[in-house]
Amino acid sequence: MLVLLSLVPLCIVLPIAPLKVGIGAIAGWILLLWVAIAFLRRQFHYVIPLWVAFYPYCYYFFTFPRERAVFTVDRAFVLLLILEIFLVARQNLSPAPLTRDIRISAYFWGLFLLVCFLSLASHAPSHELAFYRLLVEGMVMPALLALYAMRYFPLLKDLKALHLSACVLGFGLCVTGLIELTTDLDLFPWEGSEPMFTDTHLRRADGPFEQQIVLSVVAILAFFFIIYLRRLLPPSISSWRTIVHRTGCAASLGAALLPLNRGLVFALIPIALIDVFSQHRLVSRRIWATFFALILLAAVAAKVLDPRLYDDRVSSPDNAYQRVAQHMETLHVVREYPLFGVGFGLYHDVASQNPRYMVKWKGIESMNFPHNVLMTVLSEEGVFGLIFYVLSQAFLFRAMWKMRKVFPPGWLAFLYCFLIYVLTGLDFAIVCFADINLFYMLIVAAIYQYQVRVAGEQEISMATPLPQNVYA
């Protein structure tokens, strides 16, 4: 019936549409049919691994129209997840429980989102529609994805597919990044976004994303996620899956370094120290030693062969001076808008329109962009927004901390992803990046679901009385 019905719109659209529109219509309708059949057969959860493997490329190829997009894959994806949540909930299945701390974290996140919306309410809607879109995509949609992944996603059933998809993601990011780094080509040119180069005109790869920091964060999150998922697989796996696993790990770690982001290396130092001295290591000491030895070797080689590159990406203090100047500028703005901030996403507009906010530190001017998550929240949502934001993160951390002994590799994977997100956020304002937040929340939610299910099984096993002959 679905196939026959599909002939009606295709017969209308194809004769009058241009070639590209016609091809897009056919591809979109085939995908829609596949999704509908997946719903009918109760197999929609297979969309999650598929999204993990290919979601970075959907931003460039499947956003329509390119300016002020109406359709994006992420929007359709989350809307379908909401429908799936209602369908699963009506079937009276046993979803994974939400602990008290997770519920409190969600309540504080809801209050933070309320402050964000209220901070925009005083501005003209026609002017601020783009910021509402950014708020929904970067802050609301990841929370909905996390709800589905925490409660309803059949993690163990899709474990192998999810592991394979994460490896495919890491491999794709590495290949696209390497091509951009070595050829200076911009494989995914975004309108209004210019490629970044070092002082020696070396291309800083951004892969399928608009910014280099997104490639670094998503790739390193994929690295830890792949290693975590391998711990959930059987100890003995096929040789081809072993090759895929090792390739995915190496590719995702390499992709994280391709943007030449020194902040990532600084974020990995405390993670490596924790892992090396941990009783249950997630990454072997040999891998950590090899990784930092290669980083040190690359730095020495750059100093000898290309001193300008070494000065730009390693030794130059200008970047740090600019961050100090920017923090001073942000505090000047906060002093005038202390309670509810200037409005979500409106910092640049406010700061750039008032020259007296500009600050110089050791000759370096501020950027009119708060390069720090906490500073961003404080300046745009004020003290109330910052309190709700921090409390939400704190209760999320507390919920996972209480279950750290249930499955130690799960706790370490969460801790490392959490530290990557937090420490990178202290250097770059990634608070509302949808491409990072969606993937990050999926990982956190998947780890949480497994931890809470194992904790429940352990409680049941401890509460079950032993047979009487055992006591005898």
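**Exercise 1. Asp101 and its partners**

Task: Which residue forms a salt bridge with Asp101 at 2.9 Å between the closest N and O atoms, and which helices hold the pair?

Solution.
- Step 1. Asp101 forms a salt bridge with Lys402, and their closest N and O atoms are 2.9 Å apart. The model is a predicted one.
- Step 2. Asp101 sits in helix H5 and Lys402 in helix H15, so this pair ties together parts that are 301 residues apart in sequence.
- Step 3. Arg398 also forms a salt bridge with Asp101; here the closest N and O atoms are 3.6 Å apart.
- Step 4. Arg398 belongs to helix H15 (residues 373–402) and Asp101 to helix H5, so this pair joins parts 297 residues apart in sequence.
- Step 5. Now check burial. Buried means under 20% relative accessible area. Asp101 has 4% relative accessibility, so Asp101 counts as buried. Arg398 has 39%, so Arg398 counts as partly exposed.

**Exercise 2. The neighbour, Ile102**

Task: Is Ile102 buried or exposed, and which residues does Ile102 touch?

Solution.
- Step 1. Locate Ile102. This residue lies in helix H5 (residues 100–121).
- Step 2. Read the accessibility. Ile102 is at 6%, so Ile102 counts as buried.
- Step 3. List the contacts, leaving out residues up to four places away in sequence. Ile102 touches Met150, Leu396, Ala399 and Tyr448.
- Step 4. Compare sequence and space. Ile102 and Met400 are 298 residues apart along the chain, yet 8.8 Å separates their C-alpha atoms.

**Exercise 3. Other salt bridges**

Task: How many salt bridges are counted, and which residue pairs with Arg323?

Solution.
- Step 1. The count comes to 5 salt bridges.
- Step 2. Recall the principle. Side chains of opposite charge can pair when their charged atoms come close.
- Step 3. Arg323 forms a salt bridge with Asp427, with 3.4 Å between the closest N and O atoms.
- Step 4. This pair links distant parts of the chain: Arg323 is in helix H13 (residues 318–336), Asp427 is in helix H16 (residues 408–427), and their positions lie 104 residues apart in the count.
- Step 5. Arg323 has a relative accessible area of 12%, so Arg323 is buried. Asp427 has 25% relative accessibility and counts as partly exposed.
- Step 6. Look for shared partners. Salt bridges join Arg75, Arg133 and Glu137 into one network.

**Exercise 4. Two helices**

Task: What length does helix H4 reach, and why do the buried residues of H11 line one face?

Solution.
- Step 1. Helix H4 (residues 73–90) has 18 residues. From first C-alpha to last, H4 reaches 26 Å, close to the 26 Å expected at 1.5 Å a residue.
- Step 2. Pick out the buried residues of H4. Among them are Asp74, Arg75, Phe77, Leu81 and Glu84.
- Step 3. Helix H11 (residues 285–305) has 21 residues and reaches 30 Å, close to the 30 Å expected.
- Step 4. The buried residues of H11 are Trp288, Phe291 and Ala302. Seen down the axis of H11, they fall within an arc of 65°, so they line one face of the helix.
- Step 5. Turn to the other side of H11. There Arg286, Leu296, Leu297, Val304 and Leu305 are exposed.

**Exercise 5. The cysteines**

Task: How many disulfides does the structure hold, and how far from Cys116 is the nearest cysteine sulfur?

Solution.
- Step 1. The structure holds 0 disulfides.
- Step 2. Cys116 is in no disulfide, and the nearest cysteine sulfur, that of Cys432, is 9.1 Å away. Cys432 is in no disulfide either.
- Step 3. Apply the cut-off. A disulfide needs two cysteine sulfur atoms within 2.5 Å.
- Step 4. Check burial. Cys116 is at 0% relative accessibility and counts as buried. Cys432 is at 15% and also counts as buried.

**Exercise 6. The core and the whole chain**

Task: Which residues have the most contacts inside the largest nonpolar core?

Solution.
- Step 1. The largest nonpolar core has 135 residues. Phe224, Ile420 and Phe439 have the most contacts inside it.
- Step 2. Helix H8 (residues 212–232) gives the largest share of this core, 17 residues.
- Step 3. Take Ile420. Beyond residues up to four places away in sequence, its contacts include Val217, Ile220, Leu221 and Phe224.
- Step 4. Step back to the protein chain. Its secondary structure comes to 18 helices and 4 strands. Of its 472 residues, 49% count as buried.
- Step 5. Consider contacts between residues at least 6 apart in sequence. Of these, 75% join residues at least 24 apart.

Terms used. Residues are numbered from 1 along each chain as its sequence is written. This is a predicted model: local features need pLDDT of at least 70, side-chain atom pairs count only at pLDDT 80 or more; totals for chains, interfaces and linings use all residues. Side-chain values use heavy atoms; hydrogens and water are left out. Helices (H or I, at least four residues) and strands (E, at least two) are DSSP runs, numbered from the N terminus. Buried means under 20% relative accessible area, exposed over 50%, partly exposed in between (1.4 Å probe, protein chains only). Contact means heavy atoms within 4.5 Å. The expected span of a helix is 1.5 Å times one less than its number of residues. The arc is that of the directions from the helix axis to the C-beta atoms. A nonpolar core is a set of buried Ala, Val, Leu, Ile, Met, Phe, Trp, Tyr and Cys residues joined through side-chain atoms within 4.5 Å. A salt bridge is a side-chain nitrogen of Lys or Arg within 4 Å of a carboxyl oxygen of Asp or Glu.
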